[in-house]
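Hi everyone, thanks for making time today. I'd like to walk you through one structure, so please have the viewer ready.

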Amino acid sequence: MAAVDANPFVNPNGGKVIPVESVQEFVKNHVHQDTAEAVPQRYIRSQEERPTVSLLASSEFSIPVIDMKKLIILQGQEDQRKQEMERLSDACQEWGFFQIVNHGIPHFLIDEIKAVAKDFFNLPLEEKQKSAPQGGDPQGYGQMFVTAEDQTLDWGDLLALSLKPNQIKNLALWPTVPTNFRDTVARYESEVERVAQELLSLFAENLHLEDADYFKNVFGSEPMNLMRMNFYPPCPRPDLVLGLSPHSDGGGITLLLQDDETEGLHVRKNNQWIPVKPIPYALVINIGDLVEVMTNGNYKSIEHRAVTNQERARLSIANFYNPGVDAEVAPSPKLVDEHHPCLYKKFIHIDYIRYHLAKQLKGKRNLADFAKIDISKT
């Protein structure tokens with residue numbers, strides 16, 4: 001395998017990070033009116049990008065909810081488990097998004113990780129800027145995927161941290177305030193990794209792969225666990241902006257804690273946007289680009305976005321559980337045959353990381369441009 005740099009996350013655009021103003025500070029320092037002029041031009045979306053109500057699905061549509069407790073193998077509960085496994089399979093193939101309940105992460109720990117995230121974003125700007133990225137490292141406090149001076153910006157701030165493996169963890173960017181931040185993140189990280197590995201085993205079983213550890217083996221002995229805490233301040237004109245641009249996630253699987261009080265995550269299905277209703281203590285799971293490749297398109301990474309709220313801020317915490325940086329990513333040979341041609345080329349994960357970081361968030365274009373094989377020409 002190709003050698004990997006010690007820090008693979010340096011922005012490929014010449015190591016350049018384009019700084020932008022904190023949205024939270026802008027909201028704090030300006031008196032808002034319900035006019036377009038209350039929102040800086042750099043945040044205003046084109047007409048076709050705006051979160052138009054007409055493109056929202058009716059409230060009867062919602063992403064699937066999977067009960068992890070029903071997936072435990074218990075004598076006498078085989079039929080119940082079979083039904084829940086079928087629901088999980090449908091969620092991965094038809095939606096690419098689902099919520100899980102009864103996942104085993106203690107409620108008190110979920111409360112704690114949300115509390116330290118909220119406490120961090122409530123700190124004075126000077127304290128938060130101690131975690132600002134240096135030298136092109138996209139970890140830290142600010143915004144990601146800002147690759148051009150004239151780019152339309154997202155209405156939100158974030159704190160991005162690499163948790164594992166240790167060689168990409170930049171502790172210099174980890175907050176020391178609140179004082180329990182690092183300990184809480186470490187304990188939550190361990191629980192999230194356990195849930196992620198359980199899901200990968202269930203995926204292998206549902207796809208009838210001979211090895212239940214197939215995905216774990218591809219992810220390797222040093223899988224990546226990245227965390228992103230997102231803070232979306234209130235916006236005087238939520239109809240003009242987006243909290244997070246439409247995109248598919250570039251990694252393996254994403255495990256997201258939503259804000260219980262403020263809805264904001266939308267999933268795209270059949271050219272409509274479906275709001276993901278918060279369920280207290282549930283995790284939202286979505287398939288990333290790399291698992292779509294590994295399953296030869298059986299599981300789908302789906303476009304999603306975040307919208308804003310006029311009255312309330314919204315907080316979310318995403319963990320991206322990904323293969324190691326030197327992992328070879330390709331469709332499983334068991335999922336390719338004469339009736340199911342190979343849809344994606346083989347590549348090294350680090351190459352897709354660098355490609356992904358150099359691009360703006362824009363639908364599923366990154367995966368299609370980088371790895372999709374045009375089978376009409378084969």
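Here is the plan: the sheet, then the helices on it, then the cores, and last a few backbone details.

Before anything else, please keep in mind that this is a predicted model.

Let's begin with the sheet. It is open, has eight strands, and mixes its pairing; reading across, the order is S1-S2-S10-S7-S12-S5-S4-S3. At the edges sit S1, residues 65-67, and S3, residues 140-142, each of them paired on one side only. From one strand to the next, the twist averages 25°.

Now rotate to S10, residues 283-287. Is this strand mostly covered or mostly open? Mostly covered: five of its five residues are buried. If you look at the two faces, Leu283, Ile285 and Ile287 are buried on one side, while Val284 and Asn286 are buried on the other. Its partners are easy to find. S2 runs antiparallel to S10, and four bridges join the two; in that pair, Phe97 stands opposite Asn286. S7 is also antiparallel to S10, again through four bridges, and there Leu256 has Val284 as its bridge partner.

Further along the sheet, S4 (residues 157-164) and S5 (residues 224-232) pair in the antiparallel sense over seven bridges. Within this pair, Lys164 faces Asn225 of S5. Hold on to Lys164, please, as we will come back to it.

On to the helices. H2, residues 78-95, packs on the sheet and touches S1, S2 and S10, with its direction at about 150° to that of S1. H3, residues 107-121, lies across S3, S4, S5, S7 and S12, and runs at about 115° to S12.

One residue in H2 deserves a click, and that is Glu84. Is Glu84 buried or exposed? Its relative accessibility is 5%, so Glu84 counts as buried, the cut-off being under 20%. Leaving out residues up to four places away in sequence, Glu84 touches Val65, Ile66, Asp67, Lys70 and Leu71.

H2 also meets another helix, H5, and the two pack at about 95° with their axes 10 Å apart. That angle falls between 65 and 115 degrees, so H2 and H5 are roughly perpendicular to each other. On the H2 side the residues are Arg81, Met85, Leu88, Ser89 and Cys92, and they meet Leu202, Phe203, Glu205 and Asn206 in H5. By class, that contact holds five nonpolar, two polar and two charged residues.

That brings us to the cores. As a general point, nonpolar side chains in soluble globular proteins tend to be buried together. Here, the largest nonpolar core has 67 residues, and the members that touch the most others are Phe98, Phe203, Met229, Ile253 and Leu255. Which helix gives the most to this core? It is H5, residues 181-206, with eleven residues. Zoom in on Ile253 if you can: beyond its neighbours within four places in sequence, its contacts include Ala196, Leu199, Leu200, Phe203, Ile287, Phe320 and Tyr321. There is also a second, separate core of 24 residues, with Phe97, Ala160, Met224 and Ile350 among them.

Finally, the backbone details, which I suspect this group will enjoy. Remember Lys164? A cis peptide bond joins Lys164 to Pro165, with omega about -5°. Pro165 sits in the loop between S4 and H5. Pro178 is found in the loop between S4 and H5 too, and the peptide bond from Val177 to Pro178 is cis, with omega near 0°.

Then we have residues with positive phi that are not glycines. His208 has a phi of about 60° and lies in the loop between H5 and H6. With a relative accessible area of 70%, His208 is exposed. Asn271 likewise has a positive phi of about 60°, in the loop between S8 and S9. Its relative accessible area is 60%, so Asn271 is exposed.

My last stop is Asp326, in the loop between S12 and S13. At 35% relative accessibility, Asp326 counts as partly exposed. Its C-alpha atom is separated by 25 Å from that of Ile302, 24 residues apart along the chain.

That's my tour. Thanks for listening, and I'm happy to take questions.

Key: Residues are numbered from 1 along each chain as its sequence is written. This is a predicted model: local features need pLDDT of at least 70, side-chain atom pairs count only at pLDDT 80 or more; totals for chains, interfaces and linings use all residues. Side-chain values use heavy atoms; hydrogens and water are left out. Two strands pair if DSSP finds at least two bridges between them. Axes are lines fitted to C-alpha atoms, for helices over the stretch in contact, and angles run from 0 to 180 degrees between N-to-C directions. Contact means heavy atoms within 4.5 Å. Buried means under 20% relative accessible area, exposed over 50%, partly exposed in between (1.4 Å probe, protein chains only). A nonpolar core is a set of buried Ala, Val, Leu, Ile, Met, Phe, Trp, Tyr and Cys residues joined through side-chain atoms within 4.5 Å. Angles under 35 degrees count as roughly parallel, over 145 as roughly antiparallel, 65 to 115 as roughly perpendicular and the rest as oblique. Ala, Val, Leu, Ile, Met, Phe, Trp, Tyr, Cys and Pro count as nonpolar, Asp, Glu, Lys and Arg as charged, and the others, Gly among them, as polar.
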